[in-house]
Amino acid sequence: MHFRSVDIPTPDGTADAYAACPEEDGSYPAVLFYMDIIGLRPVIQEMVTELASHGYYVLAPNVFHRHGRAPVVEVPDLSRAEDREAFMGQVLPLLRSHTSEHAVRDAGAYLDFLARQPQVRDGKAGVTGYCMGGMLALRAAAAYPERVGAAAGFHAGHLVTDAPDSPHRLVGQLSARVHLGHAEHDDSMTPDDVAALNRALDEAGVDYTSEVYPGTSHGFTMADTAVFDPAALERHWDRLLSLFSETLQEG
């Protein structure tokens with residue numbers, strides 16, 4: 001794989017990011033990869049390069065670029081409860097300050113960057129996101145339906161809220177095919193929330209799959225956390241690669 005760090009111009013400054021694609025000459029579908037709240041770090045690099053190895057140009061931006069380059073907050077040993085609590089106290093304000101308007105502007109800049117890359121094939125992009133990134137993936141797909149052909153979210157949080165721009169209220173704007181892999185134990189996406197989101201997707205006529213990964217907790221794909229579930233990570237790869245193969249790849 002060819003991996004590099006890149007800088008992306010956005011309306012609100014420069015976003016640092018990871019980018020990866022196969023080394024072989026050719027053109028590949030673009031995928032926008034939204035990090036979890038912990039940020040860009042080695043485990044995200046590993047996931048980006050793994051996805052790219054299946055024939056994609058993958059871009060993972062630093063969502064919190066308005067607050068500095070990654071790591072915006074130094075990541076401690078997240079297996080220690082006290083360190084994890086202190087870390088979340090620092091990053092949650094960054095998430096709260098990342099408005100839906102920021103998300104939409106940034107998504108346009110990220111998709112523009114991908115479209116300019118010589119290794120990127122013409123056609124719609126895929127998006128995938130983790131934790132808060134699942135919410136951002138749905139927002140991007142809803143804001144740019146003409147540019148996003150597939151969208152996925154894993155242990156995504158807060159997809160159903162009382163806000164007028166809650167992600168579940170935007171699904172009527174989607175043209176993408178969607179897969180959602182929910183954690184069984186997740187205070188940010190309860191069984192009632194999952195049911196409400198599924199109803200909204202049904203009513204909007206979205207082509208989607210939605211499933212709860214048994215025995216998992218929020219963050220199950222992330223190998224550097226205490227809730228990592230190797231079997232669920234593999235299930236995630238199966239679902240994600242199938243979605244992208246069937247929607248983005250030629251033939």
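H155 is buried in this predicted model, since its relative accessibility is 1%. The residue belongs to the loop between β6 (148-154) and β7. Its backbone also deserves attention: H155 is not a glycine, yet its phi is positive, at about 40 degrees. The general background is that most residues other than glycine have a negative phi, and most peptide bonds are trans. A second histidine, H158, is likewise found in the loop between β6 and β7. H158 is also a non-glycine residue with a positive phi, here about 60 degrees. H158 is partly exposed, because its relative accessible area is 46%, a value that lies between the limits of 20% for buried and 50% for exposed.

The backbone has a further feature in the loop between β4 and α2, where P71 is placed. The peptide bond that joins A70 and P71 is cis, with omega at about 0 degrees. A70 also appears among the contacts of L40, a residue of the loop between β3 and α1. Apart from neighbours within four places in sequence, L40 is in contact with D16, A17, Y18, M35, A60, P61, N62 and A70. L40 has a relative accessible area of 6% and therefore counts as buried. Between the C-alpha atoms of L40 and V75 there is a separation of 9.8 Å, with the two positions 35 residues apart along the chain.

Two of these contacts of L40, A60 and P61, lead to strand β4. What is the burial of β4? The strand is mostly covered, with 5 of its 5 residues buried. Y57, L59 and P61 point to one side of β4, while V58 and A60 point the other way, and all are buried.

The strand pairings place β4 in its surroundings. With β2, β4 pairs in the antiparallel sense over 4 bridges; within this strand, A60 is the bridge partner of Y18. With β3, β4 runs parallel, and 3 bridges join the two. Here L59 of β4 stands opposite L32. The chain passes from β3 through α1 to β4, and this β-α-β crossover is right-handed. Strand β2 also has β1 as a partner: the two run antiparallel and are joined by 9 bridges. In this pairing, A19 in β2 stands opposite R4. β1 and β2 form a hairpin, with 2 residues between them.

The helix of the crossover is α1, which covers residues 42-52 and has V43, I44, M47, V48, T49, L51 and A52 as its buried residues. Behind such lists stands a general rule: an α-helix has 3.6 residues a turn, so residues three or four places apart point the same way. Which elements do the buried residues of α1 pack against? They pack against the strands β1 (2-10), β2 (13-21), β3 (30-34), β4 (57-61) and β5 (125-130), and against the helix α6 (230-247).

Helix α5 can be examined in a similar manner. It comprises 14 residues, 191-204, which at 1.5 Å a residue should span 20 Å; the C-alpha atoms at its ends are 20 Å apart, in agreement with that expectation. The buried residues of α5 are D193, V194, A196, L197, N198, A200 and L201. These buried residues pack against β7 (177-185) and β8 (208-217). After α5 comes G205, which has a positive phi near 70 degrees.

D193 of α5 may be set beside D83, which lies in helix α2 (residues 81-97). The two aspartates are 110 residues apart in sequence, and their C-alpha atoms are 29 Å apart in space. D83 counts as partly exposed, because its relative accessibility is 24%. When residues up to four places away in sequence are left out, D83 touches P76 and D77.

The aromatic residues complete the account. A pair of aromatic rings is described by the distance of the centres and the angle of the planes. How many aromatic pairs does a search of the whole structure find? The search finds 6. Ring pairs link F33, Y130 and F154 into a cluster. Another ring, that of Y213, has R235 lying over its face, at 4.6 Å from the ring centre.

Technical notes. Residues are numbered from 1 along each chain as its sequence is written. This is a predicted model: local features need pLDDT of at least 70, side-chain atom pairs count only at pLDDT 80 or more; totals for chains, interfaces and linings use all residues. Side-chain values use heavy atoms; hydrogens and water are left out. The expected span of a helix is 1.5 Å times one less than its number of residues. Buried means under 20% relative accessible area, exposed over 50%, partly exposed in between (1.4 Å probe, protein chains only). Contact means heavy atoms within 4.5 Å. Rings of Phe, Tyr and Trp (its six-membered ring) pair if their centres lie within 6.5 Å; planes under 30 degrees apart count as stacked, over 60 as edge-to-face and the rest as tilted. A charge sits over a ring if NZ of Lys or CZ of Arg is within 6 Å of the ring centre and within 35 degrees of the ring normal. Two strands pair if DSSP finds at least two bridges between them. A crossover is right-handed if, with the strands pointing away from the viewer, the path from the first strand over the helix to the second runs clockwise.
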